[in-house]
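Please open the structure in your viewer and keep the sequence panel beside it. This tour goes from one selection to the next, and at each stop it says what there is to find.

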Amino acid sequence: MPKQPRKMSEIMKEMSETLLRNPGGVPSSEAAHVALLFANVAWNESVGLDHAREGCRNVWETIEADNPALWNEFKSNDINAMIDELVRYKKTHYPDDRRRILTCGIPNGNVRVEWLNAAAPGVDSKWEMQLYGLVRTGEKEKAIRFLQVTRRMTRSDAARKVAAVAVELRIG
């Protein structure tokens with residue numbers, strides 16, 4: 001029987017805590033969210049989804065604006081160095097885990113991660129993540145148009161594919 005991979009929420013918590021000055025302590029909500037965001041970015045970057053680093057800048061800058069002291073809770077304020085450290089951590093501790101993170105957050109004080117399996121051979125991972133992301137965020141019409149444009153699908157075929165993705169994500 002194959003070994004079940006560790007829960008992504010546990011791994012993300014573990015990785016994010018490595019960035020904090022007091023890993024065993026209770027960080028502020030802002031520091032916990034930013035550390036988790038960096039862990040998410042590093043994980044996806046390590047599995048080939050390299051666009052996330054710049055895409056998350058506005059998130060941590062918004063949090064930083066509300067609580068500039070949050071950086072006091074981190075070992076460093078060099079964001080790129082921290083994300084690079086997490087990429088190395090992932091590659092060292094979970095080299096064969098190719099799951100991709102779709103969403104990651106802390107609702108009701110608990111780390112929650114939605115992930116996709118590694119992309120199948122020949123599948124464009126970035127394309128697939130964009131499709132699943134659109135469906136996950138409820139933008140089904142945009143997802144249908146995305147399929148029509150990128151895969152030249154008819155509207156009805158694209159709608160069926162979007163419905164299938166929604167069922168797979170348990171939101172359909």
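## Stop one: charged pairs on helices

Begin by selecting K13, which counts as partly exposed because its relative accessibility is 43%. The model you are looking at is a predicted one, and every value on this tour is computed from it. Now add E17 to the selection: K13 forms a salt bridge with E17, and the closest N and O atoms of the pair are 3.0 Å apart. Both residues belong to helix α1, which covers residues 8-17, and because they are 4 residues apart in that helix, about one helical turn separates them. E17 has a relative accessibility of 25%, so E17 also counts as partly exposed.

Side chains of opposite charge can pair when their charged atoms come close. With that in mind, select R6, E10 and E14 together, since these residues are linked in a network of salt bridges. How many salt bridges does the count come to? The count comes to 15 salt bridges, and the next stop visits another two of them.

## Stop two: helices α7 and α8

Select R155 and E141, which form a salt bridge with their closest N and O atoms 2.9 Å apart. R155 lies in helix α8 (residues 155-168) while E141 lies in helix α7, so this pair ties together parts that are 14 residues apart in sequence. R155 counts as partly exposed at 41% relative accessibility, and E141 is partly exposed as well, with a relative accessible area of 40%.

Stay on helix α8 and select R160 with D157, a salt bridge in which the closest N and O atoms are 2.4 Å apart. Because R160 and D157 are 3 residues apart in helix α8, they are separated by about one helical turn. Which of the classes, buried, partly exposed or exposed, does R160 belong to? With a relative accessibility of 53%, R160 counts as exposed, whereas D157, at 33%, counts as partly exposed.

Before leaving this part of the model, go back to helix α7, which covers residues 140-151, and select R151 in it. R151 is partly exposed, with a relative accessibility of 41%. If you show its surroundings and set aside residues up to four places away in sequence, you will find that R151 touches D124, W127 and F146. For a sense of distance, draw a line from the C-alpha of R151 to the C-alpha of R99: these residues are 52 residues apart in sequence and 24 Å apart in space.

## Stop three: a buried arginine

Next, select R100, which is found in strand β1, a strand made up of residues 100-105. Is R100 buried or exposed? R100 counts as buried, because its relative accessibility is 3%, and the cut-off for buried is under 20%. Look for a polar atom of the side chain of R100 and then for the backbone oxygen of N117, which lies 2.7 Å from that atom. Leaving aside neighbours within four places in sequence, R100 is in contact with a list of residues that includes N44, V47, L49, W115, N117, S125 and M129.

## Stop four: helix α2

Move on to E30, whose place is in helix α2 (residues 29-46). E30 counts as partly exposed, its relative accessibility being 28%. Beyond its neighbours within four places in sequence, E30 is in contact with I63, N67 and L70, and a polar contact of 3.4 Å joins the side chains of E30 and N67. You can also draw a line between the C-alpha atoms of E30 and E64, which are 34 residues apart in sequence and 8.0 Å apart in space.

## Stop five: the cavity

Rolling a probe the size of a water molecule over the atoms shows where empty space is left. A search of the whole structure finds 1 cavity of 30 Å³ or more, and the volume of the largest cavity is about 50 Å³. To see what surrounds the largest cavity, select R53, E54, R57, W60, I79, N80 and I83, which line it. By class, this lining has 3 nonpolar, 1 polar and 3 charged residues.

Finally, colour the helices that contribute to the lining of the largest cavity: α3 (52-55), α4 (57-66) and α5 (79-93) each supply at least two residues. Which helix gives the largest share of that lining? The largest share, 3 residues, comes from α5.

Terms used
Residues numbered from 1 in each chain as written. Predicted model: local features only at pLDDT ≥ 70, side-chain atom pairs only at ≥ 80, totals over all residues. Heavy atoms only, no water. Buried < 20%, exposed > 50% of the residue type's maximum accessible area, 1.4 Å probe, protein only. Polar contact = N/O pair within 3.5 Å; in protein donor to acceptor, adjacent residues only side chain to side chain. Contact = heavy atoms within 4.5 Å. 1 Å grid on protein atoms, 1.4 Å probe; cavity = no way out; pocket = protein on both sides within 12 Å on 5 of 7 lines; lining within 4 Å. Points joined across faces, edges and corners; volume = space filled by probe spheres on them. Nonpolar A, V, L, I, M, F, W, Y, C, P; charged D, E, K, R; others polar. Salt bridge = Lys/Arg side-chain N within 4 Å of Asp/Glu carboxyl O.
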